[in-house]
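Got your viewer open? Here's a walk through one protein chain, stop by stop. Just select what each stop names and take a look.

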Amino acid sequence: MKKTKLVRKTEVAVTPDRKTSRIPGFYRLSVEQRLAFLARAFNLTDDQIAQLRDGSALRVRHAVNMVENTVGVFGLPLGLGLNFVVDDREYLVPMAIEEASIIAAVSKGALLIREGGGFVSTVDDPVMIGQVQVLDLDDPEKAAAILANHKSEILDIANSADPKMKARGGGVLDIETRILDGGDVGRMLIVHLLCNVCEAMGANAVNSMCEAAGPRIAKLTGGRVNLRILSNFADRRLARACFSLPVKHLSAGTSQGHEIAKKVVEASRFAEVDPYRAATHNKGIFNGIGAAALAFGQDWRAIEAGGHAYAVRKGQYRGLATYRIEDDNLIGEIELPLQVGWVGGAVNSHPGVRILRAISGVQNSRELSGLLASVGLAQNFAACLALCTDGIQKGHMALHARSVAVSVGVAPDDVEKVALEMIKRGDVKVSAAEEIFRNMCRQPVVDRLERDLPVKSFAKGKVVLFGEHATVYGYPGIITTIDLGMRVRIKSDSHGPRFLNPQFKQAFPVPTSDSDFRLFSRAADAALEYYGLQNEPIAIEVESNLVPGMGLGSSAAFSVALCEALRKYKGSTVESHWNSRMFEEAQRL
Ligand code: MEV
């Protein structure tokens with residue numbers, strides 16, 4: 001591995017409004033508080049915040065232009081990896097991933113590494129390789145020599161496929177040839193076009209260049225050209241990150257710190273000599289790199305393919321991150337190909353990527369490569385530390401239990417309690433979480449309400465006096481409101497969001513899986529999401545004197561009263577009287 005020198009740059013470049021990626025207590029904030037923090041720190045608009053919260057930046061109207069047979073948009077949790085300092089710059093790392101504990105672990109790894117001054121990265125020029133496969137050659141060696149003599153002609157033809165790349169200072173710089181034995185298909189000549197792709201990931205440009213050069217290569221060699229395609233084994237485009245951490249930071253004292261560092265080194269050697277361990281070691285690295293690459297709109301499959309090919313380049317699959325001890329310091333290093341783009345691809349078509357880039361502070365593809373390498377190393381370091389000390393299950397289980405509790409609608413303040421109870425029982429499942437939470441909710445409802453908020457709304461029911469069926473055929477009917485209706489009150493409730501039914505002294509989390517309340521819950525869930533209140537500590541108390549299912553408009557009254565109450569709760573300045581906006585909102589439910 002080319003050594004990355006641990007020389008720190010003197011410049012400390014931090015943007016004025018993003019002085020640090022160290023945000024103690026970020027995990028304790030509610031989602032709304034975290035979003036408010038981001039809005040302030042990065043001047044994000046309400047619309048951008050709503051896009052982050054709801055994952056709605058990518059609309060189906062964008063998606064139809066990205067893939068074929070589009071039927072929708074798929075969501076993933078989005079979080080921020082914290083505490084990163086790379087080359088003396090502070091970075092928040094957006095990460096999209098479904099696996100619990102990845103973001104907490106990477107932030108923990110980065111926090112420790114920060115104690116030693118953070119990461120130092122080096123990144124190669126963005127040179128990608130395009131391959132042209134030539135077959136049916138009588139003399140492949142002679143064909144290679146002919147191509148070497150016509151190098152500048154081939155470069156010109158290849159570059160004519162993307163003149164702008166050349167104008168930007170990039171383009172195909174060189175060609176190389178390899179002769180491989182293809183067994184039953186005979187010996188083949190493989191021509192590599194080495195292309196500096198500037199700020200692009202480069203797949204499209206390089207593929208076009210290979211296709212442009214293919215016919216001339218066939219003619220010059222007298223062979224038959226088959227594949228013309230980029231190689232994802234981007235070993236000319238490596239990124240490296242390293243850190244040096246005084247071992248005293250690994251534990252309360254230096255001697256225990258040495259003990260832990262030694263175990264991390266032992267784990268490193270295990271992955272260097274055993275492909276079975278190396279595969280898991282590298283899986284952990286790509287937990288971090290893949291999640292961040294996805295949030296940055298990158299082709300994470302290309303990055304992973306390149307990483308795995310690099311891991312086996314010496315004939316045996318090995319861990320990509322390694323550790324050693326020097327004096328009283330643990331040194332961690334990673335080196336892998338990172339084919340990332342700052343222009344083109346999903347970067348342009350996914351509006352959410354633009355917001356996340358602004359939050360991260362990354363400015364170009366080189367910086368992104370250094371950051372991704374650091375993320376991979378931090379993720380691996382955190383995993384190795386956990387494996388060498390408590391074992392992975394402790395942290396995993398705690399987080400997994402929390403996410404199970406959240407998934408069944410446990411109120412934010414109760415998540416910890418429900419999770420701990422599941423771990424105590426050794427039963428971390430949806431059914432256990434539901435049962436524990438149900439028992440907690442059976443405590444008297446009134447005692448659990450903290451204070452009333454002055455938010456109430458009322459929507460009237462209706463009766464059709466004449467023409468109920470005639471209206472179906474387009475004839476007029478006579479309809480009137482009645483004074484009976486649906487009353488909705490929003491109250492503070494640390495266990496919310498949930499429903500309260502004061503009549504029957506019942507409480508239900510939102511969303512609920514209880515079949516009697518599922519439809520009711522679905523409407524409330526949609527409304528809470530629409531108003532961005534999914535994690536709000538509130539109770540929705542509903543009282544009705546409309547008999548449901550009798551044509552008295554109870555569903556419509558519920559939707560209208562709920563929308564009005566949530567709008568008032570959000571502090572909307574719009575008056576609570578009926579208006580067309582409210583009509584649209586209620587219609588959604
Ligand atoms: C789990 O997703 C990843 C780990 O298995 C990685 C490792 O073992 O190094 C924890």
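## Stop 1: a patch on the outside

Start by selecting Val60, Val64 and Val73, which make up a nonpolar patch on the surface; together they have about 230 Å² of accessible area. Keep in mind as you go that this is a predicted model.

Now keep just Val64 selected. You'll find Val64 in the loop between α3 (60-63) and β1 (78-86). Is Val64 buried or exposed, or something in between? Its relative accessibility is 48%, and over 50% would be needed for exposed, so Val64 counts as partly exposed.

## Stop 2: two odd backbone angles

Next, move along to strand β1 and pick Asn83. Check the backbone here: the phi of Asn83 is positive, near 75 degrees, and this residue isn't a glycine. Asn83 is also buried, because its relative accessible area is 4%.

For another case, jump to Asp327. Its phi is positive too, about 55 degrees, although Asp327 is not a glycine. Look for Asp327 in the loop between β9 (321-326) and β10. Asp327 has 71% relative accessibility, so it counts as exposed.

## Stop 3: a strand residue with a far-off partner

From that loop, step into strand β10, residues 329-337, and select Ile334. With a relative accessible area of 0%, Ile334 is buried. Now add Arg240 to the selection. How far apart are the C-alpha atoms of Ile334 and Arg240? They are separated by 5.5 Å, even though the two residues sit 94 residues apart along the chain.

## Stop 4: helix α8

Select residues 203-221 and you've got helix α8. Its 19 residues should span 27 Å at 1.5 Å a residue, and the end C-alpha atoms are 26 Å apart, which agrees.

Turn the helix until you can follow its axis. Where does α8 bend? The spot is Gly214, where the bend is about 35 degrees, and a proline, Pro215, follows within four residues. Gly214 is also one of the buried residues of α8, and others on that list include Val206, Met209, Cys210 and Ile217.

Go just past the helix and you reach Gly222, which has a positive phi near 75 degrees.

## Stop 5: salt bridges

Time to show side chains. How many salt bridges are there? The count comes to 27, and here are a few to visit.

Stay with α8 for the opening pair: select Arg216 and Glu153. They form a salt bridge whose closest N and O atoms are 2.4 Å apart. This pair links distant parts of the chain, with Arg216 in helix α8 and Glu153 in helix α6, 63 residues apart. Arg216 is partly exposed, at 25% relative accessible area, and Glu153 is partly exposed as well, at 27%.

Helix α6 has another pair to offer. Select Lys151 and Asp174, whose side chains meet in a salt bridge at 2.8 Å, N to O. Lys151 is in helix α6 (residues 151-160) while Asp174 is in strand β5 (residues 171-181), so the pair ties together parts that are 23 residues apart in sequence. Lys151 counts as partly exposed at 31% relative accessibility, and Asp174 is partly exposed at 25%.

Now try Arg224 and Asp136, a salt bridge of 2.7 Å, N to O. Here too, distant parts of the chain are linked: Arg224 belongs to strand β7 (residues 224-231), Asp136 to the loop between β4 (127-135) and α5 (140-149), and they are 88 residues apart. At 42% relative accessibility, Arg224 counts as partly exposed; Asp136 is partly exposed too, at 47%.

## Stop 6: helix α10

Finish by selecting residues 275-295, which are helix α10. This helix has 21 residues and reaches 29 Å from its first C-alpha to its last, close to the 30 Å expected at 1.5 Å a residue.

Begin at the start of α10: a side-chain oxygen of Asp274 comes to within 3.0 Å of the backbone nitrogen of Tyr276. Travel along to Phe286, where a kink of about 30 degrees is centred. Then carry on to Gly297, just after α10, and you'll see a positive phi of about 75 degrees.

Last thing: bring the whole model back around the helix. Why can we say that α10 is largely enclosed by the rest of the structure? Because 15 of its 21 residues are buried.

Methods:
Residues numbered from 1 in each chain as written. Predicted model: local features only at pLDDT ≥ 70, side-chain atom pairs only at ≥ 80, totals over all residues. Heavy atoms only, no water. Helix = DSSP H or I, 4+ residues; strand = E, 2+ residues; numbered from the N terminus. Expected span 1.5 Å × (residues − 1). Bend = angle between axes of the 7 residues up to and from the residue. Buried < 20%, exposed > 50% of the residue type's maximum accessible area, 1.4 Å probe, protein only. Polar contact = N/O pair within 3.5 Å; in protein donor to acceptor, adjacent residues only side chain to side chain. Patch = residues over 30% accessible without salt bridge, like charges linked within 9 Å, V, L, I, M, F, W, Y side chains within 5 Å. Areas by Shrake-Rupley, 256 points an atom, 1.4 Å probe, with all protein chains shown as cover. Salt bridge = Lys/Arg side-chain N within 4 Å of Asp/Glu carboxyl O.
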